[in-house]
Amino acid sequence: QVLSVPYCDPLTTICYSSYTNEWGISYRIALPDVAAAPSDAIIQIVAPIEFGWAAFAWGGTMVWNPLTMGWSNGTGAVVSSRFA
C-alpha cells in the first residue's frame, strides 16, 4: 500500500504530497488547484547521493511515458526529461 504524506519545504514554503520508498528515495509532487488542464507540476526528488541519479516515471511503464530524472554534478543539480 502506497501512502503519501504532506511535506512543506521550509525554504520555498511549497507543500507537496510525499512518498518515500524502501530505498530512502522521496518523491514529492505539488499540483496547482486549477479547474482545467493543462497545468504545471512541481516535482522534488530527494535521494541518497550514492545512487548517482533518480527518476520519476509519469506513466505505468517506460514506453510512451515521460521520465523526469536528476543527478548531482558536484556544484548543483541537473534535471533531464526523457521519452522512450
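Two strands pair if DSSP finds at least two bridges between them. Strands (E, at least two residues) and helices (H or I, at least four) are DSSP runs, numbered from the N terminus. With these terms, the tour can open at a hairpin: β1 and β2 form one with six residues between them, and Thr13 in the turn has a positive phi of about 65 degrees.

The model is predicted: local features need pLDDT of at least 70, side-chain atom pairs count only at pLDDT 80 or more, and totals for chains, interfaces and linings use all residues. Residues are numbered from 1 along each chain as its sequence is written, and side-chain values use heavy atoms, with hydrogens and water left out.

**The whole chain**

Display the whole protein chain as a ribbon. It holds zero helices and seven strands, in the order β-β-β-β-β-β-β along the sequence. The C-alpha trace spans about 40 × 35 × 30 Å along its principal axes. Of the 84 residues in the protein chain, 20% are buried, that is, under 20% relative accessible area; exposed means over 50%, and partly exposed lies in between (1.4 Å probe, protein chains only).

**The first hairpin**

Select β1 (5-8) and β2 (15-20). The two strands run antiparallel and are joined by four bridges. Within this pairing, Cys8 stands opposite Cys15 in β2.

Next, select Asp9, in the loop between β1 and β2. Which side chain of opposite charge is nearest to Asp9? That side chain is Arg28, 5.6 Å away, and Asp9, although buried, has no salt bridge. Here a salt bridge is a side-chain nitrogen of Lys or Arg within 4 Å of a carboxyl oxygen of Asp or Glu; Lys and Arg count as positive and Asp and Glu as negative, while His and the chain ends are not counted. A polar atom of the Asp9 side chain lies 3.2 Å from the backbone nitrogen of Thr12. Leaving aside neighbours within four places in sequence, Asp9 is in contact (heavy atoms within 4.5 Å) with Ile14, Tyr16 and Gln44.

**Strand β3 and its two partners**

Now select residues 26-30, strand β3. Four of its five residues are buried, so β3 is largely enclosed by the rest of the structure. On one pairing, β2 and β3 run in the antiparallel sense over four bridges, and Ser17 has Ile29 of β3 as its bridge partner. The other pairing to display is with strand β4 (residues 42-46): five bridges join it to β3, and the two run antiparallel. Ser26 stands opposite Val46 in β4.

**The turn between β2 and β3**

The hairpin of β2 and β3 has five residues between the strands, and Gly24 there takes a positive phi near 85 degrees. Select Asn21 in the loop between these strands. Is Asn21 buried or exposed? Asn21 counts as buried because its relative accessibility is 12%. A polar atom of the Asn21 side chain lies 2.9 Å from the backbone nitrogen of Trp23.

**Across to the last loop**

Finally, select Gly76, which lies in the loop between β6 (66-72) and β7 (77-83). Gly76 counts as partly exposed, because its relative accessibility is 33%. Add Ala35 to the selection: the C-alpha atoms of Gly76 and Ala35 are 35 Å apart in space, and the two residues are 41 residues apart in sequence.

Key
Polar contact = N/O pair within 3.5 Å; in protein donor to acceptor, adjacent residues only side chain to side chain.
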